[in-house]
Amino acid sequence: GTTMPAALYIAYNGVEPTTAARVAVATGTAIKTLQQVATPSTKGITIIEWGISFDGFAAALPGKVELIQTDVAATSGTSVTPTVYGCNTDASLCVGGTGATNHSPSAEGTITVVRSFDTQFISPTNQYVHQFPLGREPFVPASKFLRVRVTFGTTVNAYSYIVWEE
C-alpha cells in the first residue's frame, strides 16, 4: 500500500505577500510575541523547523528569542492562514484568528504554564534557523499555543516562521 506523506504547513509573522515584499515586524523593547500558532481542540502538531532573522545593521546587544508552548493565547493579533508546505492540499487545522493563529498580537495574556523548545540570544544583525532532528521533534498538544517571542534592548525588524506537521 501507499502511505500519504505527512501534511506540512508554514506560517510567518505576517500575511502572505502579493505585489510587494513581506512586511517585517518591529520587535519593540518589551517582551513581544511575533507570531502564534493555535492547535485545534482535536489534534496536536509536530514542530519540524523554525527560524528568525533581523534587519539590524549595527552591532548591539543580542535579543532574547524564544520558541515556546503556552496555555494561554496572545490576543488582538492579525489573523494568519497557514500555507501548505509540501504536496498535500488540505487546509491546516490551525486556523487563523485574532486569538488563534496570528501575528503581532498586542496582548500577551497571563501565561501560567510554559514549555520552552528553543531559547537563544541572537544578534540584531543575524539570523537563526533550527531544524529538529528526525524522531526528536517537539510536539504541541491539542488546545495549546506555540509562539515565537522576543525581547530586544533596541527595536529592530524581524521575519519569523514555523514549519509543522499535522
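## Exercises on a predicted all-strand model

In strand β13 (residues 157-165), Trp-164 is the bridge partner of Ile-47. The exercises below use a predicted model.

**Exercise 1. Determine which strands pair with β4, and state whether β4 is buried or exposed.**

Step 1. Start from the pair Ile-47 and Trp-164. This pair belongs to the contact of β4 with β13, where eight bridges join the two strands in the antiparallel sense.

Step 2. Take the next partner, β10 (residues 127-131), which runs antiparallel to β4 and is joined to β4 by five bridges. Here Trp-50 stands opposite His-130.

Step 3. Add β11 (residues 139-140), which forms two antiparallel bridges with β4. In β11, Phe-139 is the bridge partner of Thr-46.

Step 4. Turn to burial, for which the cut-off is under 20% relative accessible area. Of the ten residues of β4 (residues 45-54), eight are buried, so the strand is largely enclosed by the rest of the structure.

**Exercise 2. Give the strand order of the six-stranded open sheet and identify its edge strands.**

Step 1. Read the order: β6-β8-β3-β12-β5-β9, with antiparallel pairing.

Step 2. Find the strands that pair on one side only; these edge strands are β6 (78-79) and β9 (114-122).

Step 3. Examine the pairing of β9 with β5 (residues 63-70). These strands are antiparallel and share eight bridges. Within this pairing, Glu-66 has Thr-119 of β9 as its bridge partner.

Step 4. Recall a rule for side chains: in a regular strand they alternate between the two faces of the sheet.

**Exercise 3. Describe the surroundings of Ser-106, and find the serines with positive phi among Ser-76 and Ser-104.**

Step 1. Place Ser-106 in the loop between β8 (102-103) and β9. Its relative accessibility is 61%, and because exposed means over 50%, Ser-106 counts as exposed.

Step 2. List its contacts. Leaving out residues up to four places away in sequence, Ser-106 touches Thr-75 and Ser-76. By contrast, 24 Å separates the C-alpha atoms of Ser-106 and Tyr-128, which are 22 residues apart along the chain.

Step 3. Follow the contact to Ser-76, in the loop between β5 and β6. Ser-76 is partly exposed at 48% relative accessibility, and its phi is positive, near 65°.

Step 4. Check Ser-104, which is found in the loop between β8 and β9. Its phi is also positive, about 55°, and its relative accessibility of 23% makes Ser-104 partly exposed.

Step 5. Set the two phi values against the general pattern. Most residues other than glycine have a negative phi. Both Ser-76 and Ser-104 have a positive one.

**Exercise 4. Decide whether the radius of gyration agrees or disagrees with that of a compact globule, and characterise the whole chain.**

Step 1. Count the secondary structure: zero helices and 13 strands.

Step 2. Compare the radii. A compact globule of 166 residues would have a radius of gyration near 15 Å, and the protein has 15 Å, so the two agree.

Step 3. Add the dimensions: the C-alpha trace spans about 55 × 35 × 35 Å along its principal axes.

Step 4. Look at contacts and burial. Among contacts with a separation of 6 or more, 87% involve residues 24 or more positions apart. Of the 166 residues, 43% are buried.

Step 5. Finish with the surface and the rings. The exposed area is about 8,300 Å², of which carbon and sulfur atoms supply 57%. The structure holds four aromatic pairs, and the charged end of Arg-22 sits over the ring of Tyr-12, 3.7 Å from its centre.

Technical notes: Residues are numbered from 1 along each chain as its sequence is written. This is a predicted model: local features need pLDDT of at least 70, side-chain atom pairs count only at pLDDT 80 or more; totals for chains, interfaces and linings use all residues. Side-chain values use heavy atoms; hydrogens and water are left out. Rings of Phe, Tyr and Trp (its six-membered ring) pair if their centres lie within 6.5 Å; planes under 30 degrees apart count as stacked, over 60 as edge-to-face and the rest as tilted. A charge sits over a ring if NZ of Lys or CZ of Arg is within 6 Å of the ring centre and within 35 degrees of the ring normal. Two strands pair if DSSP finds at least two bridges between them. Helices (H or I, at least four residues) and strands (E, at least two) are DSSP runs, numbered from the N terminus. The radius of gyration is taken over C-alpha atoms; the globule rule is 2.2 Å times the number of residues to the power 0.38. Buried means under 20% relative accessible area, exposed over 50%, partly exposed in between (1.4 Å probe, protein chains only). Contact means heavy atoms within 4.5 Å. Accessible areas come from the Shrake-Rupley method with a 1.4 Å probe; for residues, only the protein chains shown count as cover.
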